[in-house]
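Visitor: I am new to this kind of picture and would like to learn how to read it feature by feature. Could you guide me through it?

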Amino acid sequence: MVNLLKMEIGWGTLKAEDIVSYVPIVISKDDYKNITGEDFKEG
């Protein structure tokens with residue numbers, strides 16, 4: 001799942017804002033940083 005999201009963001013079909021709602025239910029904050037290269041910021 002993490003690798004798929006990382007590829008989608010790399011292709012430009014997803015943006016970091018699109019997966020914010022997945023944290024922490026689907027992916028962890030560490031996964032978010034791995035996928036987007038940015039720290040997860042709540043709010």
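Visitor: Where does Tyr-22 lie, and is Tyr-22 buried or exposed?

Guide: Bear in mind that this is a predicted model. Tyr-22 lies in the loop between α2 and α3, and with a relative accessibility of 30% it counts as partly exposed, since that class covers residues that are neither under 20% nor over 50%. Together with Met-1, Ile-25 and Val-26, Tyr-22 makes a nonpolar surface patch of about 430 Å².

Visitor: What should I look for in the peptide bonds and in the sign of phi?

Guide: As a general idea, most peptide bonds are trans, and most residues other than glycine have a negative phi. In this structure the peptide bond from Val-23 to Pro-24 is cis, with omega near -5°, and Pro-24 is found in the loop between α2, residues 16-19, and α3, residues 29-36. Just after α3 comes Gly-37, which takes a positive phi of about 80°.

Visitor: Which residues of α3 are buried, and why do they line one face of the helix?

Guide: The general idea is that an α-helix has 3.6 residues a turn, so residues three or four places apart point the same way. In α3 the buried residues are Tyr-32, Ile-35 and Thr-36. Seen down the axis of α3, these buried residues fall within an arc of 80°, so they line one face of the helix. What they pack against is α1, residues 2-11, and α2.

Visitor: Which residues make up the largest nonpolar core?

Guide: In soluble globular proteins, nonpolar side chains tend to be buried together. Here the largest nonpolar core has 10 residues, namely Val-2, Leu-5, Leu-14, Ala-16, Ile-19, Val-23, Ile-27, Tyr-32, Ile-35 and Phe-40. The elements that give two or more residues to this core are α1, α2 and α3. If residues up to four places away in sequence are not counted, Tyr-32 touches several residues, among them Ala-16, Ile-19, Val-23, Ile-27 and Phe-40.

Visitor: How should I read Glu-8, and what is Glu-8 in contact with beyond its neighbours in sequence?

Guide: One can ask in turn about place, exposure and contacts. Glu-8 has its place in helix α1 and is partly exposed, with a relative accessible area of 24%. Leaving aside neighbours within four places in sequence, Glu-8 is in contact with Thr-13 and Leu-14. Glu-8 and Asp-30, which are 22 residues apart in sequence, are 18 Å apart in space, C-alpha to C-alpha.

Key:
Residues numbered from 1 in each chain as written. Predicted model: local features only at pLDDT ≥ 70, side-chain atom pairs only at ≥ 80, totals over all residues. Heavy atoms only, no water. Helix = DSSP H or I, 4+ residues; strand = E, 2+ residues; numbered from the N terminus. Buried < 20%, exposed > 50% of the residue type's maximum accessible area, 1.4 Å probe, protein only. Arc of directions from axis to C-beta. Contact = heavy atoms within 4.5 Å. Core = buried A, V, L, I, M, F, W, Y, C linked by side-chain atoms within 4.5 Å. Patch = residues over 30% accessible without salt bridge, like charges linked within 9 Å, V, L, I, M, F, W, Y side chains within 5 Å. Areas by Shrake-Rupley, 256 points an atom, 1.4 Å probe, with all protein chains shown as cover. Salt bridge = Lys/Arg side-chain N within 4 Å of Asp/Glu carboxyl O.
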